[in-house]
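Trainee: Could you take me through one part of this model slowly, and then show me how other parts can be read with the same care?

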Amino acid sequence: MKLSKYDNKRVRIVTPQGEIFEGVCRHNGREYTEHEFGRDEESLQLPYFLFYKRDIKKIEILPDGGPYGGYSGRYGLLEETAVCDGADAIEEVLSCEEDEHVFRLILCIEDHLALAGAGGLPDADVLSKLLSSVPGELEEKTVMEIEKTLDMIEHKR
């Protein structure tokens, strides 16, 4: 499996445990991975997740189109895990370079806000601060979704 061919591609990664992660990945060469993560092995990186060859049972490039832009749903395990892991994980995904990762995370946060008890999200002040300080250039639909989410947080107070 040649991991470099997946650089900057929207992919679905299936782990040996059957977990499915989707997103735009970055390829990290051996030297970079060793320097940054202490392991002399190439890897693929999604926001908040790092995959070595042995962590990948199957990988496929996702096509464009469909109701979710090539993804299997509005959001997936990557976003669910980030939400459940708290503020630092949410911040890491919100600060990634790919607008679609930010957008999918916002959709996941909205669904968790709709749940009683907010589904494990950080408190309203922390979440508002994170959403209000998303860096980078965002598509209009993402900006509008962030504003919608901030309104949801305000109405829950």
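Mentor: The loop between β4 (43-46) and β5 (49-52) holds Y48, and since this is a predicted model, what follows describes the prediction. The phi of Y48 is near 80°, a positive value in a residue other than glycine. That deserves a second look, because most residues other than glycine have a negative phi. Y48 has a relative accessible area of 24%, and therefore counts as partly exposed, given that the partly exposed class lies between the limits of 20% and 50%.

A positive phi is also found at N8, where the angle is near 60° and the residue is again other than glycine. N8 sits in the segment before β1 (10-14), and because its relative accessibility is 47%, N8 too is classed as partly exposed.

The same patient reading can be applied to a pair of helices. The axes of α3 (residues 87-94) and α5 (residues 124-132) come within 10 Å of each other and cross at roughly 15°, which means that α3 runs roughly parallel to α5, as angles under 35 degrees are counted that way. The crossing in which α3 passes α5 is right-handed. On the α3 side, the contact is made by A87, I90, E91 and L94, while α5 contributes V126, L127, L130 and L131. Sorted by character, the residues of this contact between α3 and α5 comprise seven nonpolar, one charged and no polar.

Definitions and conventions. Residues numbered from 1 in each chain as written. Predicted model: local features only at pLDDT ≥ 70, side-chain atom pairs only at ≥ 80, totals over all residues. Heavy atoms only, no water. Axes fitted to C-alpha atoms, helices over the stretch in contact; angles between N-to-C directions. Helix = DSSP H or I, 4+ residues; strand = E, 2+ residues; numbered from the N terminus. Parallel < 35°, antiparallel > 145°, perpendicular 65-115°, else oblique. Left-handed = near helix turned anticlockwise from the far one by under 90°. Contact = heavy atoms within 4.5 Å. Nonpolar A, V, L, I, M, F, W, Y, C, P; charged D, E, K, R; others polar. Buried < 20%, exposed > 50% of the residue type's maximum accessible area, 1.4 Å probe, protein only.
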